[in-house]
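Dear colleague,

Please find below the structure that I am handing over to you. I would be grateful if you could look through it before reading the notes that come after it.

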Amino acid sequence: MTSRHLSLLLLVAAPLSTHGQASKSVYALPQESEAATRAFPAQLRSELAKLRDAALGDDYAYKQLAHLTGSVGPRPEGSPQADAAVRYVADELRKLGLEVRLEPVPVQRFVRGNDTAELVEYPGQVPGTTQKIVVTALGGNSPTPELGITAEVAVVNSFDELKSLGKEKEKVAGKIVLFNVPFDKRKAADGQAGAAYGEAVKYRGSGGVAAAEQGAVASLVRSVGGAEYRLPHTGWSTDAHIPAGAIAAEDADLIALLASQGAVRMHLTLPTHHGPDAQSYNVIADLKGSEHPEQVVIVSGHLDSWDLGTGAIDDGAGVVMAMETAELIQRLHLHPKRTIRVIAWMNEEQGATGRDFYAKDHASEVANHAAAIESDAGAEHPLGFHAKMNEAAQKQLSPVQDALRPIGANLLQLVAQSPQTDIEPLAEKGVPALGIWQTTLTYFNYHHTAADTLDKVVPAELRENAACMAVMGYALADMAEPLEK
Ligand SMILES: [Zn+2]
């Protein structure tokens, strides 16, 4: 806003105060609703402030994250590290005095081989040389034969372009399709990284199927990420029974340039495969409510990660925020009326079956779920929450916004869809669902890459996020009246 606009607003505001409503200028915040006043007695408000301040001085979450990423390491579903992480998180929550159970989630182990790609024929090629392409296999990938495949690359910029190209004989059939759709970095810089991701990631998720329909022999996607460090970003893609990979954005640009001049042929080896069926678990840990133990508030993140990095921002951070919520409540000797349920979800990355098994196994108690929170967008500075709930519920929560205002995390924006993946089945059944809303200015730079490591998490920002999870989780579990549904 320019200063000229500001002074115009001041002129508009002034006459209002002459009508005996000095406090009701255009700047006045909406009055707290009666429902909020009833739901948040003075003692609860002071406990929320104590929790917030304790979180801002607590390094429990960071220490847990350092262990999960450093000692345990990458946690792809079905791996020994994922199993160890399940046992570790369960033990730590038991140490805090929670009732812990492991609920089975069948998974398939993801086993990456040595992914390679190189251009073997292209316009202007220096005889006797090839060009290396930085590639990573996608989950859901079908492996290439042992010796790889060699084929011409067909570059497309959209599903529509693929379809129209596919109508021409041999323009797509027998080729490696490259979806060269850039991640919108301007949107990300403007705080809309999630939207930018959503627009590009459909080519990662469905590109293989679309390419296979046109007879392609493999499908590649330009990495879906917000920065170019020649890093490939892996992720889930629906298995189309052809190999599927992601290449670095710089290499997608290179191939597009060369292909505009003539034929480009690539040799591709993606030996990744899926191991046998294995058993993994959601970690479910209850801090029993003092008055309504049957009513549940979920605080959560997902424990599985991709194999390339160590799963710090995606999503060790969310798990340790939920763990710290329990640690803070216990350390401050608080006794919420409703049960706080810490969940470390399994298998979010490769089909999100952990949430589906939870929804099925707990179908009869869904009505007793007062609310569910998940953080799965890293640990950058939090702005507040995205929430799928009704307006009456939103109005009840203004005292929580007040408690989080000192750290700038007081926004509560209603959204039409579940704000996070693992709580989606609950959100669809009418359980109020909240996702921590981080700035995500750098999240997608590292997301699903080898650079998703502990150093990307700023300790002070992780503490702010833990404060958000603890304050909102405790508020929802101890409000005098449950959240409106
Ligand atoms: Zn995630």
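The notes below set out what was found, beginning with the largest pocket and moving on to aromatic contacts, backbone geometry and contacts between distant positions. Please bear in mind throughout that this is a predicted model.

**The largest pocket**

The largest pocket encloses about 1200 Å³ of space. It is lined by 41 residues, and those closest to its centre are Gly194, Tyr197, Pro419, Gln420 and Phe444. Four elements give two or more residues to this lining: helix H8 (193–213), strand E14 (382–388), strand E16 (433–438) and helix H15 (443–446). Of these, H8 gives the most, with 10 residues.

As to composition, the lining of the largest pocket comprises 14 nonpolar, 19 polar and eight charged residues. Both domain 1 (35–106 + 277–478) and domain 2 (113–273) take part, each supplying at least three residues to the lining.

**Aromatic contacts**

The structure contains eight aromatic pairs. One of them is formed by Phe110 and Trp306, which meet edge-to-face, with 5.4 Å from centre to centre and 85° between the planes. This pair links distant parts of the chain, 196 residues apart: Phe110 belongs to strand E1 (residues 99–111), whereas Trp306 is in the loop between strand E11 (292–302) and helix H10 (312–331). Phe110 has a relative accessible area of 4% and is therefore buried. Trp306 also counts as buried, because its relative accessibility is 4%.

Another pair consists of Phe179 and Tyr203, whose rings are tilted, at 5.6 Å centre to centre and with 40° between the planes. Here too the pair links distant parts of the chain: Phe179 lies in strand E6 (residues 176–179) and Tyr203 in helix H8, 24 residues apart. Phe179 is buried, at 0% relative accessibility, and Tyr203 is likewise buried, at 9%. Helix H8, which holds Tyr203, is the element already named as giving the most residues to the lining of the largest pocket.

Phe183, Tyr197, Tyr443 and Phe444 form one aromatic cluster. Two members of this cluster, Tyr197 and Phe444, were listed above among the residues closest to the centre of the largest pocket.

A contact between a charge and a ring may also be of interest to you: Lys456 lies over the face of Tyr446, at 5.0 Å from the ring centre.

**Backbone geometry**

Most residues other than glycine have a negative phi, and most peptide bonds are trans. The following positions are listed with that in mind.

- Asp314 and Asp315 are joined by a cis peptide bond, with omega at about 0°. Asp315 is placed in helix H10. This helix is largely enclosed by the rest of the structure, because 18 of its 20 residues are buried.
- His333, which follows H10, has a positive phi, near 55°.
- Asn347 is not a glycine, yet its phi is positive, at about 70°. This residue is found in the loop between strand E12 (338–345) and helix H11 (353–361). Asn347 counts as buried, since its relative accessibility is 3%.
- Ala352 also has a positive phi, near 55°, in a residue other than glycine. Its place is in the loop between E12 and H11. With a relative accessible area of 5%, Ala352 is buried.

**Contacts between distant positions**

Which position lies 9.9 Å from Lys337 in space, C-alpha to C-alpha, although the two are 138 residues apart in sequence? The residue in question is Ala475. Ala475 is part of helix H16 (residues 459–478), and this residue counts as buried because its relative accessibility is 0%.

Val415 offers a further example. Its C-alpha atom is separated by 6.3 Å from that of His386, 29 residues away along the chain. Val415 lies in the loop between strand E15 (411–414) and helix H14 (424–428). Is Val415 buried, partly exposed or exposed? Its relative accessible area is 27%, and Val415 is therefore partly exposed, a class that runs from 20% to 50%.

With kind regards

Note on methods:
Residues are numbered from 1 along each chain as its sequence is written. This is a predicted model: local features need pLDDT of at least 70, side-chain atom pairs count only at pLDDT 80 or more; totals for chains, interfaces and linings use all residues. Side-chain values use heavy atoms; hydrogens and water are left out. On a 1 Å grid over the protein atoms alone, a cavity is a set of points where a 1.4 Å probe fits but cannot get out, and a pocket is an open set with protein on both sides within 12 Å along at least five of seven lines; lining residues have an atom within 4 Å of a point. Grid points are joined across faces, edges and corners, and a volume is the space filled by probe spheres set on the points. Ala, Val, Leu, Ile, Met, Phe, Trp, Tyr, Cys and Pro count as nonpolar, Asp, Glu, Lys and Arg as charged, and the others, Gly among them, as polar. Domain bounds come from an automatic or database domain assignment. Rings of Phe, Tyr and Trp (its six-membered ring) pair if their centres lie within 6.5 Å; planes under 30 degrees apart count as stacked, over 60 as edge-to-face and the rest as tilted. Buried means under 20% relative accessible area, exposed over 50%, partly exposed in between (1.4 Å probe, protein chains only). A charge sits over a ring if NZ of Lys or CZ of Arg is within 6 Å of the ring centre and within 35 degrees of the ring normal.
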